[in-house]
Amino acid sequence: MTGLRRRDLLAGLMAGAAWPALAEAPLGSPVPPARPERSAGAAPSAGLAEAIIAEAKLPGAAVSYLLMDAKSGDVLASREPDRPMPPASTLKAITSLYALGTLGAGHRFATRILVTGPVRAGRVEGDLILAGGGDPALSTDDLGDLAAAVRAAGVLSVAGRFLVWGGALPYLPEIDRAQPEWLGYNPAVSGLNLNFNRVNFTWARGGDGYRVGFDARAERFAPAVEMARMKVVARDLPIFTYADGGRTEDWTVAQAALNKDGSRWLPVRRPDLYAGDVFHTLMTAQGVKLDRPEVLASLPPGATVLRGHESAPLPEVLRDMLKFSTNMTAETVGMAASMVRGAKSHAASARAMAAWLAAGIGRQGAHFVDHSGLGGASRVSAVEMAEALRLLGPGAGLGGLMKPVKFKDAKDLGSVRAPQRVAAKTGTLNFVSGLVGYMTTAAGEERVFAIYAADVARRDAVPPGDRENPPGASSWAKRARRMELRLIGSWA
């Protein structure tokens, strides 16, 4: 990796240390034009909107928005609403609708412990299998409870192998290949996932150098991880390098990037072996003897369920996804929905979701390359997003899953009267910003809105090594977000 500045070393290393992961082509057919704006009552001022956009000082950026009446669909304010824009993480709103519309609100993801033989005198007379069911929120604590349940079932040892299976969903080594390989919000995706497929790298400086290691910490359990390995190297750049060691994930880190002590979440590329490594340690703590995990290509016929764990219902999974913008959750639930519809790969799944959206809103044009918005080639227009929120959102209860938007001060609001309620999904990539959702005005009127700003040329010009935190991106994002909030305030 090239292009990183020395002053960014420590900042880059520490980014993403929090537990939840925070985190975008040409169109094949034209987008139908939006309905003409109606000038009924106190219509939003186009002049005020243009002043707000100019004040944001986003030279070179395209700005598009649409404000609609939530019931009638009447367009109340718009600016280039048909323009295809990178959705960034606002795409997760579409993914939520797609998953709920396909899998249903009662859907839960199941992780199971299977055995291929009976349990006699505390011994499994066969293999023991940790079988994933695509749960995107499976944590170390969940595996700890599952290990305790296996022990409570009377298991003390296993005569056969310890196997892990992640074939419930197609394997994806990383969500977006254009991202730096060390970013925790760009992990692998499979049918067996753990801790959003991130592993916690820790370091502490001692008299003879640095002590480094990995763990899979959650709230109650923090087992060490053996399948990920780190070596400190005397260099300035790159900060990290990664190599697939087969059964291990081999990292190096630049010594110049390390301070006295700290930690950072790094992505996992072999989530099946990662989950197996952690479960092996947790079972050992329960006094149960297992061999090291081996990867299973397909489930054997006749295997029986010994114990299992179910995720929260799908709406709860999606609420957390929308709140924390977890990319891996979006990719998992989107792929799970598409498998019901016959898609066999993540790329095919993204296309299937775009086709589903087109059928649901009666508009062709959206182009998706993933379900999270991390890939920069996805495109959706403000009118397509707003129509999805208006037509598909109420039946799915999407507004209740979105995060409330808070206005911190008058500069955010940009209006004398505040809206009664705003629930929305944000989206941010380098030099791309979006805000979409629902609003209740001060007068009690229900609205849907979609706002996008993007400087695609500037985003595409960022060198690969600078993509975690390119110069100017943070201040650009702050100005864009303030613009979005002030536009909402002007519509309140």
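A residue is taken as buried when its relative accessible area is under 20%. By this criterion, strand E13, which spans residues 249–254 of the predicted model, is mostly covered, with five of its six residues buried. Strand E13 has pairing partners of both senses. With strand E11 (residues 228–233), E13 pairs in the parallel sense over six bridges, and within this pairing Glu-249 of E13 is the bridge partner of Ala-228. With strand E12 (residues 240–244), E13 pairs in the antiparallel sense over five bridges. Glu-249 is also the bridge partner of Asp-244. Strands E12 and E13 form a hairpin with four residues between the strands, in which Gly-246 takes a positive phi near 85°.

Helix H14 comprises 19 residues, from 473 to 491. At 1.5 Å a residue, such a helix should span 27 Å, and the end C-alpha atoms of H14 are indeed 27 Å apart, so the expected and computed spans agree. The buried residues of H14 include Trp-476, Met-483, Leu-487 and Trp-491. Charged residues are also among the buried positions of this helix, including Glu-484 and Arg-486.

Side chains of opposite charge can pair when their charged atoms come close. In this model the count comes to 19 salt bridges. One of them joins the side chains of Glu-55 and Arg-486, with an N to O distance of 2.4 Å. Because Glu-55 lies in helix H2 (residues 46–56) and Arg-486 in helix H14, the pair ties together parts of the chain that are 431 residues apart in sequence. Glu-55 is exposed, with a relative accessible area of 51%, whereas Arg-486 counts as buried at 18% relative accessibility.

A salt bridge is also found between the side chains of Arg-220 and Asp-141, at 4.0 Å from N to O. This pair links distant parts of the chain, 79 residues apart: Arg-220 is placed in the loop between strand E10 (209–215) and E11, and Asp-141 in helix H4 (residues 140–152). Arg-220 counts as exposed at 51% relative accessibility, while Asp-141 is buried, with a relative accessible area of 8%.

A local pairing is provided by Arg-390 and Glu-387, which form a salt bridge with their closest N and O atoms 3.0 Å apart. Both residues lie in helix H9 (residues 382–391), and their separation of three residues corresponds to about one turn of the helix. Arg-390 is buried, with a relative accessible area of 12%, and Glu-387 likewise counts as buried, at 3% relative accessibility. Elsewhere, salt bridges link Asp-69, Glu-445 and Arg-447 in a network.

The packing of two helices is considered last. Two packed helices are described by the angle between their axes and the distance between the axes. Helix H3 (residues 91–103) packs with helix H6 (residues 314–324) at an angle of about 175°, and the two axes are 11 Å apart. Since angles over 145 degrees count as roughly antiparallel, H3 is roughly antiparallel to H6. On the H3 side, the contact is made by Lys-92, Ala-93, Ser-96, Ala-99, Leu-100 and Leu-103. The residues of H6 that take part are Leu-314, Pro-315, Leu-318, Met-321 and Leu-322.

Methods: Residues numbered from 1 in each chain as written. Predicted model: local features only at pLDDT ≥ 70, side-chain atom pairs only at ≥ 80, totals over all residues. Heavy atoms only, no water. Buried < 20%, exposed > 50% of the residue type's maximum accessible area, 1.4 Å probe, protein only. Helix = DSSP H or I, 4+ residues; strand = E, 2+ residues; numbered from the N terminus. Pairing = 2+ DSSP bridges. Expected span 1.5 Å × (residues − 1). Axes fitted to C-alpha atoms, helices over the stretch in contact; angles between N-to-C directions. Parallel < 35°, antiparallel > 145°, perpendicular 65-115°, else oblique. Contact = heavy atoms within 4.5 Å.
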